[in-house]
Amino acid sequence: HLLSRRQRQMCIRDRKIKPQYSQEHLLYLRRRKRDHAIVVISRIMLLLLLIGLWELAAQLKWIDPFIMSSPSRIANTIANLFSNGELFTHIGVTLYETCMGFLLSTLIGTLIAIVLWWSEYLRKVLDPYIVVLNSLPKIALGPIIIVWFGAGTKSIIFMAILICVIITILNMLTAFNSCDKGKILLLQSMGATKFQILRKLILPYSVPSFISVLKINVGMAWVGTIMGEYLVSRAGLGYLIVYGSQVFKLDLVMASTVILCVLAALMYLIVALLEKLVQHR
């Protein structure tokens with residue numbers, strides 16, 4: 001009636017046999033869960049405290065509600081946008097532009113990094129140009145981008161790509177080049193081709209760096225999109241911020257900013273969930 005080691009592992013994996021933990025390990029797991037719960041509750045309480053202080057300061061006129069707004073005024077503005085049917089229209093426009101810029105810049109940047117890793121000659125030739133493009137203020141190219149792509153969604157997406165793609169190239173290329181040279185030499189001695197080295201060693205080794213790039217690009221894609229909408233847009237959260245500042249509807253500016261924070265946080269949580277799925281494979 002004894003199970004082989006492989007059968008026992010399969011049973012544990014399929015949850016047919018529950019692994020046995022020592023009492024000390026169970027206490028450690030409970031402490032970790034308790035500490036995590038305390039951190040989460042503390043974050044929520046801190047947020048509620050800040051919102052409450054902000055509202056109290058506005059109600060008692062410690063700050064000017066017209067300039068600084070207040071949580072209640074922001075909530076009313078969001079409710080009005082929802083009732084007018086404009087809320088999800090503007091959110092949808094900005095979210096589409098951000099996601100397209102995020103996905104395209106990550107894909108293009110990773111492919112370019114692979115090409116540069118593959119060709120040392122090309123990497124040496126293009127390295128100074130990549131550094132210059134990375135240091136160039138992207139907003140300075142705004143008028144040129146508008147002339148190239150027109151005053152529309154394409155210009156905004158291209159701005160987001162321009163913000164993210166250089167960062168993706170530099171980070172992924174650094175990850176590729178930091179792979180253990182000894183492992184590469186071992187695969188070469190066994191007759192592996194460069195494509196096999198890339199597929200079997202370089203790409204799996206660079207997965208943690210790729211996840212880090214995704215986290216960085218989440219914020220940078222939102223920056224690029226809002227910058228593009230500042231320059232040219234007829235809809236979107238950036239458009240609402242610009243319009244609100246022009247007509248002194250600062251409640252609209254603050255409401256749009258809060259919505260941006262929520263959307264950026266949700267997008268980051270999706271990447272964090274992807275990271276957990278990769279780590280548990």
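Q: Ala, Val, Leu, Ile, Met, Phe, Trp, Tyr, Cys and Pro count as nonpolar, Asp, Glu, Lys and Arg as charged, and the others, Gly among them, as polar; how many residues of each kind are in the lining of the largest pocket?
A: In this predicted model, where local features need pLDDT of at least 70, side-chain atom pairs count only at pLDDT 80 or more, and totals for chains, interfaces and linings use all residues, the lining divides into four nonpolar, two polar and four charged residues. Trp117, Ile184 and Ile197 are among the lining residues, and they count as nonpolar because Trp and Ile are on the nonpolar list.

Q: Why is Ser70 called buried?
A: Buried means under 20% relative accessible area (exposed is over 50%, partly exposed in between, with a 1.4 Å probe and protein chains only). Ser70 has a value of 1%, so Ser70 is buried. This residue is found in the loop between helix 3 (65-68) and helix 4 (71-83), helices being DSSP runs (H or I, at least four residues) numbered from the N terminus. Leaving out residues up to four places away in sequence, Ser70 touches Trp54, Glu55 and Ala58, contact meaning heavy atoms within 4.5 Å.

Q: What makes a set of residues a nonpolar core?
A: Such a core joins buried Ala, Val, Leu, Ile, Met, Phe, Trp, Tyr and Cys residues through side-chain atoms within 4.5 Å. The largest one here has 21 residues, and Phe102 and Leu237 have the most contacts inside it. Helix 13 (250-279) is one of the elements that give two or more residues to this core, and helix 13 gives the most, with seven. Beyond its neighbours within four places in sequence, Phe102 is in contact with residues including Leu214, Met267 and Val271. Residues are numbered from 1 along each chain as its sequence is written, and side-chain values use heavy atoms, with hydrogens and water left out.

Terms used: On a 1 Å grid over the protein atoms alone, a cavity is a set of points where a 1.4 Å probe fits but cannot get out, and a pocket is an open set with protein on both sides within 12 Å along at least five of seven lines; lining residues have an atom within 4 Å of a point.
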